[in-house]
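I opened this notebook to keep a record of what I looked up, one topic at a time. The entries go from the strands to the helices and then to a few separate checks.

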Amino acid sequence: MLAQEMGTILTKHADCMTAKHWTEIVQQLESKGLYVVIETDTNGKMMSPFGGLMPMPCKKETFSILTEEELAAKGLPVGHHILTKAKEKVATL
């Protein structure tokens with residue numbers, strides 16, 4: 001099956017996915033040394049179900065699956081991450 005086909009199928013199944021299902025998928029990735037990195041450009045925050053704040057979901061998010069080596073190259077410790085992309089500040093005179 002092509003990635004495009006699987007993407008369409010997953011979109012349809014996502015409404016039925018529970019936190020338990022997603023946890024199982026992420027654990028399978030971890031067992032293979034792969035980690036999810038979400039990059040977002042939103043500054044909005046919402047309460048995390050585990051306490052503290054986390055970035056709000058947005059349409060411009062990018063999801064990446066990275067190896068331990070790729071995480072290290074980005075200066076990130078082993079694990080899953082949600083990163084807020086820094087917006088460039090434009091200097092005005």
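What follows is my set of entries on this predicted model.

**Entry 1: strand β1 and its partners.** I began with strand β1, which spans residues 34-40, and found it mostly covered, since five of its seven residues are buried. I then looked up which strands it pairs with. On one side of my list is strand β4 (residues 62-67), joined to β1 by six bridges and running antiparallel to it; as an example of this pairing I noted Leu34, whose bridge partner in β4 is Thr67. The other entry on my list is strand β5 (residues 81-84), joined to β1 by four bridges, and here the two strands run parallel. For that pairing I wrote down Ile38, which has Ile82 as its bridge partner in β5.

**Entry 2: Thr40.** I wanted to know whether Thr40, which lies in strand β1, is buried or exposed. Its relative accessibility is 0%, so I entered Thr40 as buried, the cut-off for that class being under 20%. Which residues does Thr40 contact, once its neighbours within four places in sequence are left aside? I listed Pro55, Met56, Cys58 and Glu61, and further along the chain Ile82, Leu83, Thr84 and Lys85.

**Entry 3: the nonpolar core.** Next I looked up the largest nonpolar core and found that five residues make it up, namely Tyr35, Val37, Leu66, Leu71 and Leu76. As background I noted that nonpolar side chains tend to be buried together in soluble globular proteins. I followed one member further: Leu76 is in contact with Leu71, His81 and Leu83, when its neighbours within four places in sequence are not considered.

**Entry 4: the salt bridge in helix α2.** How many salt bridges does the structure hold? I found one, and it is formed by Glu24 with Lys20, whose closest N and O atoms are 3.5 Å apart. I asked myself why these two can be placed side by side on the helix, and recorded that Glu24 and Lys20 are separated by about one helical turn because they are four residues apart in helix α2. Their exposure I entered separately: Glu24 is partly exposed, with a relative accessible area of 35%, whereas Lys20 counts as exposed at 60% relative accessibility.

**Entry 5: Ile25 and Gln4.** I stayed in helix α2 (residues 19-31) for Ile25, which is partly exposed with a relative accessible area of 36%. I also looked up Gln4, placed in helix α1, and entered it as exposed, its relative accessible area being 66%. From C-alpha to C-alpha, Ile25 and Gln4 are 19 Å apart in space, with their positions 21 residues apart in sequence. For Gln4 and Thr84, which are 80 residues apart in sequence, I wrote down a C-alpha to C-alpha distance of 27 Å.

**Entry 6: a nonpolar surface patch.** Which residues make the nonpolar surface patch of about 400 Å²? I noted Met1, Met6, Ile9 and Leu10. Of these I checked Met1 individually: it is found in the segment before α1 (3-14), and with a relative accessible area of 68% it is exposed.

**Entry 7: Gly52.** My last check concerned Gly52, which has its place in the loop between β2 (45-47) and β3 (53-55) and counts as partly exposed at 40% relative accessibility. Not counting residues up to four places away in sequence, Gly52 touches Met46 and Met47. I closed by relating Gly52 to strand β1 through Ile38: the two residues are 14 residues apart along the chain, and their C-alpha atoms are separated by 17 Å.

Definitions and conventions: Residues numbered from 1 in each chain as written. Predicted model: local features only at pLDDT ≥ 70, side-chain atom pairs only at ≥ 80, totals over all residues. Heavy atoms only, no water. Buried < 20%, exposed > 50% of the residue type's maximum accessible area, 1.4 Å probe, protein only. Salt bridge = Lys/Arg side-chain N within 4 Å of Asp/Glu carboxyl O. Patch = residues over 30% accessible without salt bridge, like charges linked within 9 Å, V, L, I, M, F, W, Y side chains within 5 Å. Areas by Shrake-Rupley, 256 points an atom, 1.4 Å probe, with all protein chains shown as cover. Pairing = 2+ DSSP bridges. Contact = heavy atoms within 4.5 Å. Core = buried A, V, L, I, M, F, W, Y, C linked by side-chain atoms within 4.5 Å.
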